[in-house]
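Please open the structure in a viewer and keep the sequence panel visible. The tour below proceeds by selection, one stop after another.

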Amino acid sequence: MKQELRILIAGVGGQGIHGFVRVLQQAMTEQGYEFISARYKGGAQSLGSVHAECKIFLSAAQANAQQSSQLIPGTLDILLGLERWETLRFLPFCHANTLIVADTFTEFPPGTKRSKDLPSIDTYFANLTNPLISRDFIQLAQEKGWSKSAVPILLFNEAIRSLGLTQYIQPLKP
Amino acid sequence: MTNTKLQTQAQKVWALNGNEALAYGALHAGVAYFAHYPGSPVNGIEPVLKQLNTQHAAQITFNDALNEHVAACAAMGASMTGARTMLVMKHVGLNIAADPLNYVGYAGIKGGMLIVVGTDPGANSSTGEEDVHWYAKQFNLPLFEPTSPQALYDCCRDGFALSEELGLPILIFVTGLICHQSTRVQTHEITPVKRAYYFEKDRDRYINVGQRAVQNHRLLLEKMAVYAQTHAFLKVDGPSNAPLAVITRGNTTLHFAEIQTYIPQLANCTWIQLNGVYPLPTAALLPLLQDKTEIIVMEDQDGFVEYLLKMEMYNVLSAKIQGKNLFPAYGELRINELLEILCAYFGVAYPFGGLPSLPIPERLGTFCEGCPHTGSYFAIEQALPKQERIIGGDIGCSSLPPFRADWLLCMNAGIGLAQGMAPFVSGQKLVSTGGDGSFFHGGLLAVLNAVQNKVNLVHLVFDNKSVAMTGHQASASTQVAYADLLRSLGVASFAEASAFHPKELEALVREKEQLEGVHVIWVSGACAQIPDARSNFRRANYAPQIDASKCASCTLCYEALACPAIDQNDLGQFQIDLSRCMRCGVCHEICPNDAIDLGAKKPQA
């Protein structure tokens, strides 16, 4: 079993990343795991880059050690992407086997002229060699009658199921 | 007046971030007065404390000050009566509060006083970064830098006690990383204590003029010299006889334990974590450092501790002291950056390799959909030719999109710099701008100053009815007769305009720009995040769309207005994303081809 789980959640302002981190922390604490997170907000605006870096300590030894709340690039276990350009922005935090779970929601940075040399987002995703789960989680949430705030929870649950961690971590309830 | 401190049960509070921990800590330590000027990253303390105050009927008095100078003076006054007081501001606010805080050590305080300052190395939640550690030395007040929400919570209890023991305020600096970091926090049981509040006259202490100020300065220096010898707030890990010592404070303390595991040379060093950063506890440090051959001071920003160490232990230590020669004095100093630097220094291979980065466009700041500033900036830019116009920008939401204004420095730099430029740029079209928060923070004085100095200037106040950027605190503009106020200052003209009717504003800017004297245009429009009745009505009843057959692709709405709700589809056609559109109607008003229909279901409000 891994000693700790390193998760980065990336998206844009208004997608509920900070709220999700609180839910995740509450759930992990209730399940008996220590948790630490660092949150970065994109200024007081919608559509700014927002991300959170989280560690879930699955072993008591790790939990008791003094820990940085920041993640070192190349050490990520799970990248949860709520917006596709932001998902790609945090690739340097991934190693070759980092699991990427990405929503298909796409919002090109507003007010930015798109360079003709910039490949399409689909091309970028097609070239990814990491384990990747990419789907329309917003639609999935709507089909279940849940609000958009359930989307990061769905991504997280998908990740722990895919990594076979459900014997240690119970999925979150949307 | 008396206050009974709250009696709380020993309990665990799960998942507090740094701001919340400070609010809980203040409440449980019996804070009676809270003064602040809102600013990230510490803007989260006040709303939580207000909520707790209501929940626990704690009888805390709040001062939502209009600027940090007023907040600091008010906090000092409350403390002088014996009330436990917390004063909160961000790093740049400390510049504004510095005037009274230079003297708080001379006068001393009675009720415990904590001065919480949010620092932001890396400018992750601020317009800029600056190192305010030097103020600790200038004010000559004890400075603490707790490195976790738990430490922040504990620091409130211990800090108030220490403050009352010394008769001095305690500075608490907290970085954005720690403000927004969440961990579990254990709270403590508080025993109720009754306090009587009374201002006791003491002219020798409180009247700091001339030789009395000099005398009190001497007393403060003596008190702090004793404190430095008798108080040490530090933690030491690792063998004390190791040849290498590493000193950390703030964020670097948070990161070093993990860094140690990757670099063998650091595994057995003497690690000194400075929690009490100023004054440097030289008496406690001497036995730890005197036999070292090398000392590495790991800290962000200017190198405050390294400076103190070299100054105060000069000729006492024989070790080679390293610091800013290794680590940059700018930016956040993330854990990976520190690790890379130390790996290179010790000749250790960097242990990680991430995937290569892709050329993803940066998300530059934008106005939110429906933001009143969108129409305001559009109007200014349309009124004044691009090659000739000069726009003085100011701090706040109106400064979010870069490059709309010609400068952004500090609160009220818009009108401040503009009035210095005005006599010399008669060939150019000069306007200054600022939000309602800035206006009441100090802009009011700047307007009066411009009037009294006979400056020719058009100043626009963007009033979105709240201090939007820092948490939508109530704006004084909702309570003050600002038109009467400005007219009484002697402005040549005062005009009001709606941010959602940019054509009218454009005409006003053109007209006023031709005139002599100080002309103020008050541009109103509710923040899109706090919609007023008009906005709510429009959101419920309008569904605007762009008629592709009329659209001439002039890009006025897409590029010049730059509303984030307008995008371009794969066919190159412009369209309105109704899931984002706030129905402000500005795009409809400015479209020269009448291609944007408001899609009103009902007659316009």
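**First stop: a helix in chain B.** Select residues 251-260 of chain B, which form helix α10 in this predicted model. Eight of its 10 residues are buried, so the helix is largely enclosed by the rest of the structure. To display the buried positions, pick Asn251(B), Thr252(B), Thr253(B), Leu254(B), His255(B), Phe256(B), Ile259(B) and Gln260(B).

**Second stop: the sheet.** Remaining in chain B, select the strands of an open, seven-stranded sheet with mixed pairing; their order is β4-β3-β5-β6-β8-β7-β14. At its edges are β4 (61-64) and β14 (276-278) of chain B, each of which pairs on one side only. Strands of a sheet pair through backbone hydrogen bonds, in either the parallel or the antiparallel sense.

Now select β3 (residues 33-36) of chain B together with β4(B). In which sense do β3(B) and β4(B) pair? They are parallel, and four bridges join them. For a single example, choose Tyr33(B), whose bridge partner in β4(B) is Thr61(B).

Next, add residues 149-166 of chain B, helix α6. This helix lies across β6 (113-119), β7 (143-144) and β8 (170-175) of chain B, and α6(B) runs at about 165° to β8(B).

**Third stop: a loop residue.** Select Val480(B), located in the loop that connects β21 (473-474) to α18 (482-489) of chain B. Is Val480(B) buried, partly exposed or exposed? Val480(B) has 14 other C-beta atoms within 10 Å; a residue counts as buried at 20 or more and as exposed at 12 or fewer, so Val480(B) is partly exposed. Display Ile395(B) as well: the two residues are 85 apart in sequence, and their C-alpha atoms are 21 Å apart in space.

**Fourth stop: the interface.** Show both chains. Here 43 residues of chain A are in contact with 41 residues of chain B. On the chain A side, α1 (17-30), β2 (34-40), α3 (84-89) and β5 (94-103) each supply at least two of the residues that touch chain B. By class, this side of chain A comprises 19 nonpolar, 20 polar and four charged residues.

**Last stop: confidence.** Colour chain B by pLDDT. The chain averages 93, and 96% of its residues score at least 70. Then select residues 1-10 of chain B, where the pLDDT is below 50; this stretch nevertheless has 29 contacts in the model beyond near neighbours in sequence. For the complex, the predictor gives an ipTM of 0.93 and a pTM of 0.94.

Definitions and conventions:
Residues are numbered from 1 along each chain as its sequence is written. Chains are lettered from A and ligands numbered from 1 in the order in which they are written. This is a predicted model: local features need pLDDT of at least 70, side-chain atom pairs count only at pLDDT 80 or more; totals for chains, interfaces and linings use all residues. Two residues are in contact if their C-beta atoms, placed from the backbone, lie within 7 Å. Ala, Val, Leu, Ile, Met, Phe, Trp, Tyr, Cys and Pro count as nonpolar, Asp, Glu, Lys and Arg as charged, and the others, Gly among them, as polar. pLDDT is the predictor's confidence in each residue, from 0 to 100. Two strands pair if DSSP finds at least two bridges between them. Axes are lines fitted to C-alpha atoms, for helices over the stretch in contact, and angles run from 0 to 180 degrees between N-to-C directions.
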